[in-house]
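Grab your viewer and try a few exercises on the complex shown here. Each task comes with a worked solution.

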Amino acid sequence: MSNQPIIQVRDVAKYYGDEPALAGVSLDIMAGEFFSLLGPSGCGKTTLLRMISGFDVPDRGSISIDGVDMAGVPPNRRPTNMVFQSYAIFPHLSVAQNVAYGLKRLRLGRVETKRRVEEALALVALEGYGGRQPHELSGGQRQRVALARALVMQPKVLLLDEPMSALDKKLREQMQTELRRLQRAVGITFVLVTHDQEEALLMSDRIAVMFNGSIAQLDSPEGMYRRPVSRQVASFIGMMNFLRADIASIDPSGATVNIEALGSALLPGVSVGKPGSATIGIRPEMLTMLYGDHATAERVFRGKIVDTEYYGDLTLYQVRIDDTATVVTVSMRNTAGRPILQAGDRTRIGWGAESLVLLDPLESAK
Amino acid sequence: MDQSQRAPGGLIFYALVYLLFLYAPILLLPLFAFNDSAVIALPLSGFTLRWFDVLWDTTALHAALYNSLIIAATTSVLSTCLGILAARAAARYPIPGKRGIVGFIMVPLVLPEVIVGISLLVVLIQLGMSLSLWTVIMGHVLVCTPFSVAILGAAFNNMDASLEEASMDLGESALGTFRRIILPLAAPGILASMLVAFTISFDEFIIAFFLTGTDATLPVYIWSQLRFPARLPGMMALGFLMVLMSFALLLTAEYLRRRSSRLISGDEAEGASLFFDAASGMR
């Protein structure tokens, strides 16, 4: 990955009637990175992808690819290729003919075309499948053909429109890993559209989370998970406990907040926001259930388990904090030697101020 | 389940009578086509092939057949071309008033052919055109195009729009996409449309009757021969051959139409079964 932007999106907007599908989006996608557009359906992520590919035209703003403004450039003249959600494998052509489809116009000659097709099929682990007909392929194999057909064109950017949504869970997980490996191997910029936050976290170098036609946050997967900027982003990516809080003061050492049921805490390094009410987030796995009377942590509260959800490798506990009505979710791995607690059991929970996240710091009094 | 699968006896009887009523007259054709008597009446008097020999020797009949073949072939090509344009436009482009326009194209399906024939005749005469094979072709294109639009509409509507986008995405032009993706996928539908239009035009009598000049089509010729009782058995033989040909063409068309929808929607069927697998896997 370089620091050279390959796609520059500037203030792109699209309206369907009065409803903005995209409300002035700007972003840079770097050459060689795996970039994901993540959001619920209708957030504008697919519209943005279709604008990059040329199938949709922005009402306002500009998109340039590799320094060239794409205004008025039709899809067939853009240095992008797309893997469609339905894969769009041509049903009347064999696998090899599908992969060679775009090469035909390049007039490479038979030998070179054949070599490139075989190379592309090898890249997606479909050696020897060239003679098959599309209807003989499984869903995963069709996806590989769609990938090979796009990659054989050696695009500057590969666009992927929810490519995993038609695959079952096991196959999806396998293809996610494989796609990541493939992207690293070919070094082409990948732009993935997905509504699956796990998929985005697993595969991307950077993620743009979109809501209602705008980018809510653009960050690395880790940054997105650990430092979500808003309650909306925090609840879309993983699970999060939300607690009401008051920002008492902000000074160079950080922000002092009074959190419901937990008490006062200093958030080191937090300098944005202003005194007033706020929301504090804490991930369920950042709350630690303390076993035994001597186990301790920076801060501790006591509570009673009101409900449990068993997931095999981990258990989610709903814990009501003593003397309050506040219920928080605590996630614990089910490791050897540790009993799985039941509803009604009492417990002590440890936590630390460094795992607290101040959400929507710029919107006070909400 | 068993109860609902067995039709009541009354309905079966009704269906049989209905079929008999529909097809019994047609069954008379081969009966009398091979009957060794110039009089069309029972009882049958013996087997013969001489009525077919008569057909073979009648040159006026050959001219009419030739006319009909030219008209049917031209009509099938023209109405299929128009059908491709209309069906494709209706399937892909947001045209204001699309339903109304398509409805308008389909109207000749329900318009009485006598009306169509007379109206066309009046218009053509007003325009000062002389009646020829071309005027018949115009009339036939009018009544065949709705069938072409219906058959091709199904073919184009079932086509996944992302196939075209994928082709464009891979660098192909709009025209190239039409040639390399849309036409091959619609080919069975196109053939089916041509066969149906051919059959309709070949058998059509009323419009042809109004719009032919001196060149009679086959149905018009047959009608003219019915005045001569001696020619009747020959016409029976001819009718028998025409029924055979119509059946063959329509069966081929139907086969092609089914193959086309299988080919085009093969994707969706696969997707559906995949979804089913995923769902049963999760349980």
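Below are four exercises, preceded by a short note on conventions.

This is a predicted model, where local features need pLDDT of at least 70, side-chain atom pairs count only at pLDDT 80 or more, and totals for chains, interfaces and linings use all residues. Residues are numbered from 1 along each chain as its sequence is written, chains are lettered from A and ligands numbered from 1 in the order in which they are written, and side-chain values use heavy atoms, with hydrogens and water left out.

**Exercise 1. Find which residues touch the most other members of the largest nonpolar core.**

- Start with the rule: a nonpolar core is a set of buried Ala, Val, Leu, Ile, Met, Phe, Trp, Tyr and Cys residues joined through side-chain atoms within 4.5 Å. Buried means under 20% relative accessible area, exposed over 50%, partly exposed in between (1.4 Å probe, protein chains only).
- The largest core has 79 residues, and A:Ile7, A:Leu37, A:Leu147, A:Leu158 and B:Phe156 touch the most other members.
- Helix α4 (residues 139-151) of chain A is the top contributor, giving six residues; helices here are DSSP runs (H or I, at least four residues), strands likewise (E, at least two), numbered from the N terminus.
- Now zoom in on A:Leu147: leaving aside neighbours within four places in sequence, its contacts (heavy atoms within 4.5 Å) include A:Val83, A:Leu158 and A:Met175.

**Exercise 2. Work out how α9(B) departs from a straight helix.**

- Helix α9 (residues 174-203) of chain B has 30 residues. The expected span is 1.5 Å times one less than the number of residues, which comes to 44 Å here.
- The end C-alpha atoms are only 38 Å apart.
- Look at B:Ala187: α9(B) bends there by about 55°, taking the angle between axes fitted to the seven residues ending there and the seven starting there. A proline, B:Pro188, follows within four residues.

**Exercise 3. Describe the interface of chain A and chain B.**

- Count contacts: 28 residues of chain A meet 23 of chain B.
- The buried area (accessible area, 1.4 Å probe, that two parts lose on being put together, summed over both) is about 2300 Å², with 57% from carbon and sulfur atoms.
- Add the salt bridges (a side-chain nitrogen of Lys or Arg within 4 Å of a carboxyl oxygen of Asp or Glu): two cross the interface. A:Arg105 pairs with B:Glu172, closest N and O atoms 2.6 Å apart.

**Exercise 4. Is A:Arg116 buried or exposed?**

- A:Arg116 forms a salt bridge with A:Glu112 at 3.5 Å.
- Both lie in helix α3 (residues 110-123) of chain A, four residues apart.
- A:Arg116 is buried, at 13% relative accessible area, while A:Glu112 is partly exposed at 27%.
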